[in-house]
Amino acid sequence: MKRNIKKVAVLGSGVMGSRIACHFANIGCEVLLLDIVPSGAENSENKRLRNKLIDEALKQAIKSNPSPLYSKSFAGRISTGNMTDDMPKISDADWVVEVVVERLDIKKIVFENVEKYRAPGSIISSNTSGIPIQMLLEGRSEDFKKHFCGTHFFNPPRYLKLLEIIPSTETAPELIDFLMDYGSRFLGKVTVLCKDTPAFIANRIGVFSIQSLFHLVAKLGLSVDEVDKLTGPVFGRPKSATFRTCDVVGLDTLVHVANGVKQNCPDDEKCEVFEIPDYVSQMVANDWLGSKSGQGFYKKTKDENGKRKILSLDLNSLEYVEKSKVKFATLAAAKTVDDLKSRLKVLIKGKDKAGEFYRNIVSSVSQYCSNRIPEIADEIYKVDDAMCAGFGWEIGPFETWDVFGVAKFVQVMEELECPPAKWVYQMLEAGNDSFYKVEEGVRKFYDISSKSYQVVPGTDELLILDNLRETKTIWNNQDVHLIDLGDGIINVEFHTKMNTIGGGVIQGINKAIDLAEGDDSWNGVVICNDGQNFSAGANVGMIFMMAVEQEFDELDFAVRAFQNTMMRIRYSSIPVVIAPHNMALGGGCEMCLHADKVVAHAETYMGLVEFGVGVIPGGGGTKEFALRTSDDFNDGDMRTNQFRNRFLTVGQAKVSTSAEEAFELGYLRRGIDEVIVSKERQLTYAKEACLEMAEKGYTQPARRKDITVLGNEGLGLVHVGAHSMMSGNYMSEHDLVISEKLGYVLCGGDLSSPTQVSEQYLLDLERRAFVELCGQRKTLERMQSLLQTGKILRN
């Protein structure tokens, strides 16, 4: 039977349940969200009172920041009710997800009711994070058991990509296959098949890592500030690092999971690590649980002047102290190393306390992970996938081990009395010196059961740049690799710091188009990369230096080269598809604006942010907004409203909070550009889209000369609005200058009436305004301030 998930019922509207409901709404499902009737309303006939708990929970979720929804309008896909009156409504649900409180007795009552109303063959799953899946099946029918499993989402479900799938002994294999694919393809998750063991995979390893660190911190005498500096982005971990993450998750939640593992895994050789340290127990007793209680390892407060400040906890005195500046020679040495794998090698060799910390924590986690195979997973890639997708690690524990060299790091582990599992020694003795390797563009992992390398399931049908770069690169410079994706499609991958766009990237894009246009064996170009962000924009540091040196001819040349490259993307004789993800700002956004097609990941944050730097978009962005405004024009008042909206989008430097919102802001085009939820499938789909355009017969577009601009009609609107904002102290005098420059370009200059102009005419206006603004003292001061504070990048 072919399954289609059209309607999903979510039972439980707490923090997880309401947000799981929102994420199903994100992908277009009709969602029914149910919860209990609140205390005191059991005998009421007032529907509003009986649904008060769930309606407030959903309202709170929608208002939360970051938003669980791609677009606020998607809330309309969610209907609410209560489990007393509305349980019959689950009869047409294709999937029922239980997300009620973590109590076996309550879950059993819920499933008894689900059994009464669910359609035979519909999927039932539990979001439990600790109750054995098998125990939830007692008393259930054969059809229920066959279509039931655990589906463990991580909070927040929209942003954390892990979905653990936990079958029981009676779950139908075809259901597991379906959910593994559906979770990845439709929900955008990294789906990991888990065994029904305590805490499954991610929480078992993740909580061990945190507990191990808790004990190590006390041993080495490290402070909260020091640990979070050591375990943040420099180490390939999230900005929230360790103690800030504990505050966000809640210390009570962490303690609950740790105690659960300790109680349910008495044979775990590291059981004592799950003992809660005294300082953590005291924090829980004090109700210092983190963000939910107002203080944890950190506490927000105000100084005598009312200025907000953050204090950190002294783990010895349990008193809050001023945050201290963290200095380690190891961190200083690693600071200049951009590549994570190279940086990890520097960190692990450190001779100070930081180096000692890294060797101890990595050895401890590596040993524990090796000993959990095959208890919690038969394959090592599942552990790496779970930790990256669930805890935000850039590379997993076995991948990290590979960076250091398996045999070499085993020696470090032995010196610290943390030897790995026997199977690691057996792997090395057999001549296999790594956990992973790439052969012919396909990634393989060491499989313990067969004692051989096997393809990571599902990856052989996907295009993965890391697997192709070494053997499929056809040209490269310091900033760019051009990679043959097959079927005549070239991928442009740039890898500068924050993927900023400078001369090397411009050269790479033009080289790709040169190759594709000059040889019939090529069909098109895709621009896609695997960086943390698609692009943070143009290299502002370079622009600042030219402006400071008053090299305005060189600056004009650089801007012209950028504009010409964007226009070449638009007007080459081959299709160009761009696949952005995460931040696509400034020049990165302008690049997308000129693509034949954009295949954006759902989590794409796109915007023309140049106004905040003190300039206007100068790489074709202002021109493109004038063009799109012209295409959208209607007569009369609607025309000025459309112009005002476009002007404010650029003038307020609006950034979309999702790819869906990028459509609403006018950065993406309905009917042309597309959104894909699965990041791992994005490049594969972008290539297919490019190839399809080529095979249909791609014709080089003609340059536009029919762009209607408003001239003085629009300029009057700009002047009145800008001066009104300044008189109300909503903008500075310099902001007024930038606004008027932006308006001048969008309106096509000082024209007596609406006029049709060409793209080149607008590009010339745009470039001139950009260079003139760069010569303003206030612009340079703003750039310098942003560069010094690190809010924008200086290469």
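Let's start with a right-handed β-α-β unit, which is made by strand S4, helix H4 and strand S5. Please keep in mind that this is a predicted model. If you want to find the pieces on screen, S4 covers residues 95–98, H4 covers residues 104–117, and S5 covers residues 123–126.

Now look at S4 itself. It pairs with S5 in the parallel sense, over 4 bridges, and there Val-96 has Ile-124 as its bridge partner. S4 also pairs with strand S1, residues 7–11, again in the parallel sense and over 4 bridges. In that pairing, Val-97 is the partner of Val-10.

So are the faces of S4 covered or open? Both are covered. In a regular strand, side chains alternate between the two faces of the sheet. Here Trp-95 and Val-97 sit on one side, Val-96 and Glu-98 on the other, and all four are buried.

Next, helix H14, residues 353–371. With 19 residues at 1.5 Å each, the helix should span 27 Å, and its end C-alpha atoms are indeed 27 Å apart, so the two agree. H14 is mostly covered too, with 15 of its 19 residues buried.

H14 also takes us to the largest cavity, which holds about 130 Å³ of space. Which helix gives the most to its lining? That's H14, with 4 residues. Helices H13 and H16 each supply at least two. Among the 16 lining residues, Phe-235, Arg-237, Val-362, Trp-393 and Thr-400 lie nearest the centre. By class, the lining has 9 nonpolar, 5 polar and 2 charged residues.

Finally, the second largest cavity has about 40 Å³. Helix H25 provides the largest share of its lining, 3 residues, and no charged residues appear there.

Conventions: Residues numbered from 1 in each chain as written. Predicted model: local features only at pLDDT ≥ 70, side-chain atom pairs only at ≥ 80, totals over all residues. Heavy atoms only, no water. Expected span 1.5 Å × (residues − 1). Buried < 20%, exposed > 50% of the residue type's maximum accessible area, 1.4 Å probe, protein only. Pairing = 2+ DSSP bridges. Right-handed = clockwise from strand over helix to strand, strands pointing away. 1 Å grid on protein atoms, 1.4 Å probe; cavity = no way out; pocket = protein on both sides within 12 Å on 5 of 7 lines; lining within 4 Å. Points joined across faces, edges and corners; volume = space filled by probe spheres on them. Nonpolar A, V, L, I, M, F, W, Y, C, P; charged D, E, K, R; others polar.
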